[in-house]
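Let's take a friendly walk through a protein model together. Keep the picture beside you and find each part as it comes up.

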Amino acid sequence: MEKQMVAEGVKGSRNWAFKEMKGMNAPWRSVLYLARRFAWAKGHEVQFRNRLYFLEKGRVRLTHQSLEGMEKILWYIHEGCIFGETPFLDPMPLESFFTCATDCVVYGFSKESFDVISRERPDLVSNLLLSMSRKLRILSNQASSLYVDNLLVRVCKFMAQHLEPDSHPLTANLGISRQEMASLLGVHRVSLYKVLKQQEEEGLFGPFEGNAVVILQPEEFFRLASA
């Protein structure tokens with residue numbers, strides 16, 4: 001029963017609001033010979049300079065910055081994904097930026113290389129359009145969730161994307177700090193800590209151990225995540 005709930009809870013698109021992207025553009029590995037290789041350390045801020053990037057190893061974070069300097073994490077991208085499509089295809093000034101959340105190996109495609117791929121590999125262009133559509137869906141669901149869902153529902157939607165397969169008891173390994181989690185969920189970290197502490201006292205979650213937490217009431221958890 002619990003395995004069925006895990007499958008259904010992660011599969012549905014309604015809880016994609018805070019989904020991390022993994023392997024969506026793996027077919028692009030077949031044309032990496034057309035790209036330039038970069039090795040960037042954790043914390044590096046990506047300068048796009050007319051390149052479309054493929055993340056071969058590591059994880060990058062997209063953060064939006066307001067005119068007042070306030071920052072909001074939008075999503076994380078893992079290996080096997082293209083990123084930077086917007087500044088590559090649209091010359092408008094940037095209001096968001098990518099940083100390396102870990103050490104990364106990245107391949108950058110120039111506009112000339114992209115033109116070659118467009119002519120000779122229409123399947124890769126279709127793959128890029130599909131991944132961009134999924135990102136748009138994620139961003140749309142995130143905006144909707146930030147507007148209509150209470151913080152506990154947002155927490156459960158986020159955790160549902162980080163459940164460890166076959167874990168017993170059911171465990172979410174978040175992979176980021178709670179401060180980063182607060183930014184992603186659009187709240188102050190103190191507000192997030194209060195909700196987590198309250199739900200630990202009420203028995204929905206166990207105590208955090210590092211970035212992992214046990215889900216003690218799976219049925220209630222998935223009800224909230226699917227709200």
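## The four-stranded sheet

What you see here is a predicted model. A good place to start is an open sheet of four strands, arranged in the order E1-E7-E2-E5 with antiparallel pairing. Strand E1 (36-40) and strand E5 (81-83) sit at the edges of this sheet, and each has a single partner strand, so one side of each is left without a neighbour in the sheet. On average, neighbouring strands here are turned by 35 degrees against each other, if you ignore their direction.

Now look at one pair inside this sheet. Strand E2 (residues 52-57) and strand E7 (residues 104-109) pair in the antiparallel sense, and five bridges link them. To find one of these bridges, start at Leu52: its bridge partner in E7 is Phe109.

## The three-stranded sheet

There is also an open sheet of three strands, with the order E4-E3-E6 and antiparallel pairing. Its edge strands are E4 and strand E6 (96-100), each of which pairs on one side only. From one strand to the next, the twist averages 25 degrees.

Let's follow the pairings of E3. Strand E3 (residues 59-65) pairs with E4 in the antiparallel sense over seven bridges, and Thr63 has Ile73 as its bridge partner in E4. E3 is also joined to E6 by five bridges, and these two strands run antiparallel. Along E6, Cys100 stands opposite Val60, while Ser96 stands opposite His64.

## Edge strands that are still enclosed

Are the residues of strand E4 mostly buried or exposed? Seven of the eight residues of E4 (residues 71-78) are buried, so this strand is largely enclosed by the rest of the structure. To count as buried, a residue needs a relative accessible area under 20%. E6 can be read in a similar way: four of its five residues are buried, so E6 too is largely enclosed by the rest of the structure.

A helix can be found beside this sheet as well. Helix H6 (residues 178-185) lies across E3 and E4, and runs at about 105 degrees to E4.

## Two helices that cross

Next, turn to a pair of helices. Two packed helices are described by the angle between their axes and the distance between those axes. Helix H5 (residues 151-160) and H8 pack at an angle of about 105 degrees, and their axes are 8 Å apart. H5 and H8 are therefore roughly perpendicular to each other, since angles of 65 to 115 degrees count that way.

Which residues meet where H5 and H8 come together? From H5 come Leu152, Val153, Cys156, Lys157, Met159 and Ala160, which meet Phe221, Leu224 and Ala225 in H8. The residues of this contact divide into eight nonpolar, no polar and one charged.

While you are at H8, take a look at Phe222, which lies in this helix (residues 218-225). Phe222 is buried, with a relative accessible area of 7%. Phe222 and Glu200 are 22 residues apart along the chain, and their C-alpha atoms are separated by 16 Å.

## Two residues in loops

Loops have details to explore too. Ser167 lies in the loop between H5 and strand E8 (171-173). Is Ser167 buried or exposed? With 14% relative accessibility, Ser167 counts as buried. The side chain of Ser167 reaches the backbone oxygen of Glu164 at 2.8 Å. That side chain also reaches the backbone nitrogen of Thr171, at 3.0 Å.

Our last stop is Gly23, found in the loop between helix H1 (2-11) and E1. Gly23 is partly exposed, with a relative accessible area of 38%. If you leave aside its neighbours within four places in sequence, Gly23 is in contact with Glu79, Gly80 and Cys81. The C-alpha atoms of Gly23 and Glu71 are separated by 26 Å, and these two residues are 48 residues apart along the chain.

Methods
Residues are numbered from 1 along each chain as its sequence is written. This is a predicted model: local features need pLDDT of at least 70, side-chain atom pairs count only at pLDDT 80 or more; totals for chains, interfaces and linings use all residues. Side-chain values use heavy atoms; hydrogens and water are left out. Buried means under 20% relative accessible area, exposed over 50%, partly exposed in between (1.4 Å probe, protein chains only). Two strands pair if DSSP finds at least two bridges between them. Axes are lines fitted to C-alpha atoms, for helices over the stretch in contact, and angles run from 0 to 180 degrees between N-to-C directions. Angles under 35 degrees count as roughly parallel, over 145 as roughly antiparallel, 65 to 115 as roughly perpendicular and the rest as oblique. Contact means heavy atoms within 4.5 Å. Ala, Val, Leu, Ile, Met, Phe, Trp, Tyr, Cys and Pro count as nonpolar, Asp, Glu, Lys and Arg as charged, and the others, Gly among them, as polar. A polar contact is a pair of N or O atoms within 3.5 Å; within protein, one must be able to donate a hydrogen and the other to accept it, and residues adjacent in sequence count only if both atoms are side-chain atoms.
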